[in-house]
Each structure stands twice: as C-alpha cells, then as structure tokens.
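Visitor: I should like to learn how aromatic pairs are read in a structure. Please take me through the general idea and then the case at hand.

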Amino acid sequence: LDERNKQRDNFVIFSFYKRAQRKVKRLGEETRQMLQCYETVCKGFGENPQRIEPQEFFKYFSDFFLQFDNIEKSLYQEKEKKKPAQLTRDVSRNLIEEAMVRHASMY
C-alpha cells in the first residue's frame, strides 16, 4: 500500500496492486465459504467445529475408510481360502449321492 501511494503514476505497481487486491478478496470469500461448509459438516456429524480441528475431524473418515478396506480385503481372502474346501465338499456330496443312487438301482 505504501509503495502504491509513493508511485501513483507507476502502471506496473498499480496493476499489480489491483490484481492482488482482487485475488485477496476472492480468497477471503472462498475461505469464509469453506469455513461455513466445514461448520455445517461438523454439526451434521455431531461435532463442535470450534472444538475440533479439521485435521482431526477428517482423520475420522480417513481412519474409517482404511479400516473398511482392510476388513474388506480380509473377508475376501477368507472367502478365497474357503473356496477350495467348499468345492471339495460339494464334489464329495455329489459323489456320495451318485454312489447311493447307483447302489439303490442295483437292488
């Protein structure tokens, strides 16, 4: 601001100041809007936005999704391990039924 006042006729300083002023104003508006959204989200999840930092609040979600992914992978691995055993039981059951049908047809 001081430099602008000292060099009122300097077009470079004047144009830089005007662009910077618009950008700072826009950033201020975007910051206010972001804080309003953060407050709304916090309240929606039962948190007080004045008592919890954004990093802490959003870490809840990050931790949840990491745990969810780990459990999902674990369940998939368990399911894959059981597949061969289930197939073996199904094949055995079918063989037993076929043998019983053959045995019953003999008599």
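**Reading aromatic pairs**

Guide: At 1% relative accessibility, phenylalanine 57 counts as buried, where buried means under 20% relative accessible area, exposed over 50%, and partly exposed in between (1.4 Å probe, protein chains only). This is a predicted model, in which local features need pLDDT of at least 70, side-chain atom pairs count only at pLDDT 80 or more, and totals for chains, interfaces and linings use all residues. Residues are numbered from 1 along each chain as its sequence is written, and side-chain values use heavy atoms, with hydrogens and water left out.

Visitor: Is phenylalanine 61 buried or partly exposed?

Guide: Phenylalanine 61 is partly exposed, because its relative accessibility is 26%. Phenylalanine 58 also falls in the partly exposed class, at 42%.

Visitor: What makes two rings a pair, and how many aromatic pairs are there?

Guide: Rings of Phe, Tyr and Trp (its six-membered ring) pair if their centres lie within 6.5 Å; planes under 30 degrees apart count as stacked, over 60 as edge-to-face and the rest as tilted. By this rule there are 9 aromatic pairs. Phenylalanine 57 and phenylalanine 61 are edge-to-face, because their centres are 5.4 Å apart and their planes stand at 75°.

Visitor: Which rings are linked into a cluster?

Guide: Ring pairs join Tyr38, Phe45, Phe57, Phe58 and Phe61 into a cluster.
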